[in-house]
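Me: Got a model I'd like to talk through with you. Here it is, then a few questions.

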Amino acid sequence: MHNLHTIYEKLVEFFGYQRWWPTFSKNKKEKFIEICVGAILTQNTAWKQVETAIKKLREKNLLNQEKLEKVSFAELSSLIKNTGFYKEKARKIKAFINFLKKNPYEKLKRLKLEEVRKKLLSVYGIGNETADAILLYALDKPSFVIDNYTKRVFSRLLGIDFKSYEEWKDFFESNVKKDTFIYKEFHALIDELAKNYCKKKPICKGCPLNDLCKKNFK
DNA sequence: CGCCAGGGCCTCA
DNA sequence: TGAGGCCATGGC
């Protein structure tokens, strides 16, 4: 049993609450769509690129189910071009919108986490991380999100290295209090640490977790 | 110029 | 079930 809460609290103290997922939309359903689309667009892509693409979609008033269904593949892919893998991502967004026709927001909110997770994973372009991001940030269900940043930070920090996504997820879910707010913040804070300090080439000077880190790069 | 970014699918052992 | 190739643009 690792006390991950000590790490969590140090991160909160250092970076402050992150209030993820960052969105422009205020309307509840638009926000839902924006988070899901953003989760697809950010696959292996810097968030900065996603912001500009989301802004373009928003300016064209495309951030709703009906419009995203109608918009042509060519227009959609051109609007998200800057995020890379743009044809793949346009296809993925279309697949997700199609999924929503049979599984609207209200239904997903009502269903149990595991049931929704299984459904999401069956959609083209939604893998483990994207599914968990949608569950946690778009549907407010306590599903811990594992990304490459999480693996990098914690393999250095604790000297652990699990093989599968499920093992990583289980590790966090069995060692962190099952709380949607904490799951959201913890993941966001891990990413913040990874972007600013625990980079591929780590910058250990000034890292808030220096005294806890096994690697202790100097 | 090369490396990297809030992954996932497909193929092939 | 795991490793490797592929998708691709933009920031630094």
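**Around the DNA strand**

Reply: To kick off, a backbone N or O atom of G125 sits 3.1 Å from a phosphate oxygen of DNA strand B. Ground rules: this is a predicted model, where local features need pLDDT of at least 70 and side-chain atom pairs pLDDT 80 or more, while totals for chains, interfaces and linings use all residues. Residues count from 1 along each chain as written, chains are lettered from A and ligands numbered from 1 in written order, and side-chain values use heavy atoms, without hydrogens and water.

Me: Which residue has a polar backbone atom 2.8 Å from a phosphate oxygen of DNA strand B?
Reply: G127 also puts a backbone N or O atom by a phosphate oxygen of DNA strand B, at 3.1 Å. The 2.8 Å pair involves a polar backbone atom of W47.

Me: How many residues surround DNA strand B?
Reply: A residue is near the strand if one of its heavy atoms lies within 4 Å of it. The closest include W21, E129 and Y149. By type, the residues divide into 9 nonpolar, 9 polar and 7 charged. The number surrounding DNA strand B is 25.

Me: What share of the atoms of DNA strand B within 4 Å of the protein belongs to sugar or phosphate?
Reply: Bases make up the rest of those atoms. The sugar or phosphate share is 70%.

Me: How many of the 17 residues of helix 12 are buried?
Reply: Helix 12 covers residues 180–196 and supplies at least two residues of the surface near DNA strand B. Buried means under 20% relative accessible area with a 1.4 Å probe, protein chains only. Helix 12 is mostly covered, and its buried count is 13.

Key:
Helix = DSSP H or I, 4+ residues; strand = E, 2+ residues; numbered from the N terminus. Expected span 1.5 Å × (residues − 1). Buried < 20%, exposed > 50% of the residue type's maximum accessible area, 1.4 Å probe, protein only. Polar contact = N/O pair within 3.5 Å; in protein donor to acceptor, adjacent residues only side chain to side chain. Nonpolar A, V, L, I, M, F, W, Y, C, P; charged D, E, K, R; others polar.
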